[in-house]
Amino acid sequence: MTEHDSPVGATDDVDAVTREVLTASRLLVAVSARSLAAVEERVTLPQFRMLVVLTRGATKLVTLAEQLQVAPSTAMRMVDRLIAAGLAARQPNPHSRRETLLELTEEGRQTVEHVTARRRSEIAGIVEMLTPAQRLALVEALAAFNRAGAEPLAPTAGVAETHPLGWAVDHPATRDG
């Protein structure tokens with residue numbers, strides 16, 4: 001039996017399942033890090049998170065900070081760096097002259113699309129190594145896992161992300177107390 005083979009009945013062992021999920025999460029983090037590698041000189045992971053949130057449209061700084069669960073001052077520093085890199089821009093709010101809105105530039109949008117496409121491609125390559133039966137079992141297991149964690153389904157290829165990728169999930173397992 002190899003390290004990843006599970007004995008019969010191991011699926012009832014929460015620790016064994018947790019270990020496999022942690023291993024898969026490590027793999028997915030590595031895939032995500034590699035997908036960012038091409039732009040890492042310009043964009044950090046937290047900045048990329050901000051770009052992903054901005055793909056949903058122009059927003060106020062306070063709203064952006066709330067969605068990323070960071071202080072407004074932290075969000076402002078991140079925005080300033082993204083603006084300096086040409087990936088985001090400020091624009092006057094057409095409904096309130098006292099406010100500015102933050103939005104992606106075309107280069108920022110292309111960066112998100114490029115990184116997301118690289119991540120999707122690498123994951124697809126891994127999935128292609130599985131047998132059809134393993135793929136079906138993986139889909140069923142991950143769908144149940146995602147439902148239990150209240151994570152919405154990722155979009156299909158070519159469709160823009162509409163959710164901030166689990167960063168603002170309000171689920172009992174993520175709350176204190």
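Which residues make the nonpolar surface patch of about 380 Å²? In this predicted model, the patch comes from Val17, Val21, Leu138, Leu142 and Phe145. Two helices stand behind it: H1, spanning 14-36, and H6, spanning 132-148, each supply at least two of the patch residues. H6 gives the most, with 3 residues. One of the patch residues, Phe145, sits in H6, and its relative accessible area of 48% makes it partly exposed. That label fits because the partly exposed class runs between 20% and 50% relative accessible area. There's a bit of helix geometry to keep in mind here. An α-helix has 3.6 residues a turn, so residues three or four places apart point the same way.

Now let's go from the surface to the inside, starting with helix H2, residues 45-54. Of its 10 residues, 8 are buried, so H2 is largely enclosed by the rest of the structure. The buried ones are Gln47, Phe48, Arg49, Met50, Leu51, Val52, Val53 and Leu54. And what covers them? The cover over the buried residues of H2 includes helices H1, H3 (61-68), H4 (72-84) and H5 (106-128), along with strands S1 (88-93) and S2.

Two residues let you see that cover up close. Take Leu104 to begin with: it belongs to strand S2, residues 96-104, and it counts as buried because its relative accessible area is 8%, where buried means under 20%. Setting aside residues up to four places away in sequence, Leu104 touches Leu51, Leu54, Thr55, Leu87, Ala88 and Arg109. Among those partners, Leu51 and Leu54 are on the list of buried H2 residues. Met50 of H2 makes a nice sequence-versus-space example: Leu104 and Met50 are 54 residues apart in sequence, with 9.7 Å between their C-alpha atoms.

The other residue is Thr111, over in helix H5. With 8% relative accessibility, Thr111 is buried too. Leaving out neighbours within four places in sequence, its contacts are Val39, Val43, Phe48, Leu51 and Leu87. Put the two contact lists side by side and you'll find Leu51 and Leu87 in both.

That leaves the strands themselves. How do S1 and S2 run relative to each other, parallel or antiparallel? They're antiparallel, and 6 bridges join them. For one of the pairings, look at Gln91, whose bridge partner in S2 is Leu101. The link from S1 to S2 is a hairpin through 2 residues. So there's a handy route to follow on screen: along S1, through the hairpin into S2, and on to Leu104 in that strand, where the contacts with Leu51 and Leu54 bring you back to H2.

Note on methods
Residues are numbered from 1 along each chain as its sequence is written. This is a predicted model: local features need pLDDT of at least 70, side-chain atom pairs count only at pLDDT 80 or more; totals for chains, interfaces and linings use all residues. Side-chain values use heavy atoms; hydrogens and water are left out. Patches are made of residues with over 30% relative accessible area and no salt bridge: like charges are joined within 9 Å, nonpolar side chains (Val, Leu, Ile, Met, Phe, Trp, Tyr) within 5 Å. Accessible areas come from the Shrake-Rupley method with a 1.4 Å probe; for residues, only the protein chains shown count as cover. A salt bridge is a side-chain nitrogen of Lys or Arg within 4 Å of a carboxyl oxygen of Asp or Glu. Helices (H or I, at least four residues) and strands (E, at least two) are DSSP runs, numbered from the N terminus. Buried means under 20% relative accessible area, exposed over 50%, partly exposed in between (1.4 Å probe, protein chains only). Contact means heavy atoms within 4.5 Å. Two strands pair if DSSP finds at least two bridges between them.
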